[in-house]
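Trainee: I would like a close look at one part of this predicted model, with its charged side chains as the way in. Please explain each term as it comes up.

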Amino acid sequence: MSLLVANQLVKRFGALLATDHVSFAVDRGEVHALIGPNGAGKSTLVNLISGLLSADAGTLVLDGVELTGLPPHRRVACGLSRCFQVTSIFPQQSVGENLLLAVQAHAGSSFRMLRSRDRDAALHAQARDLARRVHLESEWLRTAGTLPHGAQRKLDVALAIAARPKLLLLDEPMAGMGPVESAEMVRLIRSLRQDMAILLIEHDMDAVFQLADRISVLVYGKVLTCGTAQEIKANPQVQEVYLGSEADAMEAAA
Ligand SMILES: Nc1ncnc2c1ncn2[C@@H]1O[C@H](COP(=O)(O)OP(=O)(O)OP(=O)(O)O)[C@@H](O)[C@H]1O
Ligand SMILES: [Mg+2]
């Protein structure tokens with residue numbers, strides 16, 4: 001059984017059908033990429049999944065639990081976490097404080113049973129562990145807003161995985177990054193997939209082809225096709241959609 005199943009999702013903005021009866025599934029342990037030209041409806045779909053937008057029709061089930069109609073924080077409790085294209089870090093706080101706040105926000109009832117000193121130690125250990133996972137342990141004391149862009153995005157990922165999601169939604173995690181930072185983010189995403197499935201929206205085709213087990217192509221709010229990187233690269237319909245600059249990017253990455 002798939003982890004996330006979207007069935008016939010619809011979202012209208014006035015006369016515009018931004019999400020046109022979209023059905024697709026993300027499997028356990030999978031990196032599933034969502035690609036498509038600008039305005040295809042990728043972010044809208046992620047917003048429908050995270051609950052930031054409510055769907056006009058259709059259903060969404062995560063690990064057997066119906067998400068349809070639940071507000072975002074309830075979806076997080078069900079195992080869904082996301083990173084935003086605009087980062088959600090507290091820029092005035094240190095890296096460590098950001099991580100501690102995130103860990104605290106998601107600490108379960110087992111923590112509340114502990115005495116306060118033990119609880120602080122346990123939260124601290126978890127926050128340190130998160131810093132290690134995203135390779136920011138040496139930046140623990142640094143004010144988050146002074147980190148370079150790539151490091152801020154890594155911190156953002158750490159804040160999202162503090163919720164221990166079953167499915168992590170990443171909307172353009174490589175946006176604005178140079179090749180070195182992108183390569184680091186690819187490594188980071190790859191290291192996460194042993195613990196969670198990932199739905200990845202990304203324009204960087206190199207990264208998509210390196211990471212994705214399956215790719216869904218969205219065009220005018222509809223799923224055009226879904227397949228492995230090899231299948232997507234070889235699909236003439238996809239090549240047609242990507243005429244122009246992104247076709248070049250696709251060829252370069254092929
Ligand atoms: N809040 C909104 N109100 C009205 N129209 C919207 C709204 N959000 C998105 N749209 C429209 O819906 C369509 C899909 O937009 P969306 O942002 O989901 O595309 P996208 O695939 O994420 O594009 P990009 O690659 O540029 O990020 C676009 O035509 C967009 O203008
Ligand atoms: Mg978008």
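Mentor: R142 is partly exposed, with a relative accessible area of 31%, where partly exposed lies between buried, under 20%, and exposed, over 50% (1.4 Å probe, protein chains only). Its partner E139 is also partly exposed, at 23%, and the two form a salt bridge whose closest N and O atoms are 3.6 Å apart; the term asks for a side-chain nitrogen of Lys or Arg within 4 Å of a carboxyl oxygen of Asp or Glu. Elsewhere, D27, E30 and R214 are joined into one network by salt bridges that share partners.

This is a predicted model, in which local features need pLDDT of at least 70 and side-chain atom pairs pLDDT 80 or more, while totals for chains, interfaces and linings use all residues. Residues are numbered from 1 along each chain as written, chains are lettered from A and ligands numbered from 1 in written order, and side-chain values use heavy atoms, without hydrogens or water.

The structure holds ten salt bridges, and one of them joins the side chains of D20 and K222, with 2.8 Å from N to O. D20 belongs to strand β2 (residues 16-26) and K222 to strand β10, so this pair ties together parts that lie 202 residues apart in sequence; helices (H or I, at least four residues) and strands (E, at least two) are DSSP runs numbered from the N terminus. D20 is buried at 13% relative accessibility, whereas K222 is partly exposed at 44%. Another salt bridge brings D195 and R133 together at 2.7 Å, N to O, linking the loop between α7 (179-192) and β8, where D195 lies, to helix α5 (residues 116-133), which holds R133, 62 residues away.

Strand β10 also leads to the sheet, which is open, has six strands in the order β6-β7-β8-β3-β9-β10, and shows mixed pairing (two strands pair if DSSP finds at least two bridges between them). Both β6 and β10 (222-227) stand at its edges with a single partner strand each, so one side of each has no neighbour in the sheet. For β6 that partner is β7 (residues 167-171), to which four bridges join it in a parallel arrangement, and L80 has L167 in β7 as its bridge partner.

Strand β6, residues 80-83, is where R82 sits, and this arginine deserves a careful look: R82 is buried but has no salt bridge, and D171, the nearest side chain of opposite charge, is 4.4 Å away (Lys and Arg count as positive, Asp and Glu as negative, with His and the chain ends not counted). Instead, polar contacts can be traced from the side chain of R82 to those of N47, at 2.8 Å, and S50, at 3.1 Å; such a contact is a pair of N or O atoms within 3.5 Å, and within protein one must be able to donate a hydrogen and the other to accept it, residues adjacent in sequence counting only if both atoms are side-chain atoms. Leaving aside residues up to four places away in sequence, R82 touches several others, among them V46, L52, A160 and L168, where contact means heavy atoms within 4.5 Å.

N47 and S50 are among the buried residues of α1, a helix spanning residues 42-50 in which eight of the nine residues are buried, so it is largely enclosed by the rest of the structure. Just after α1, G51 takes a positive phi of about 95°.
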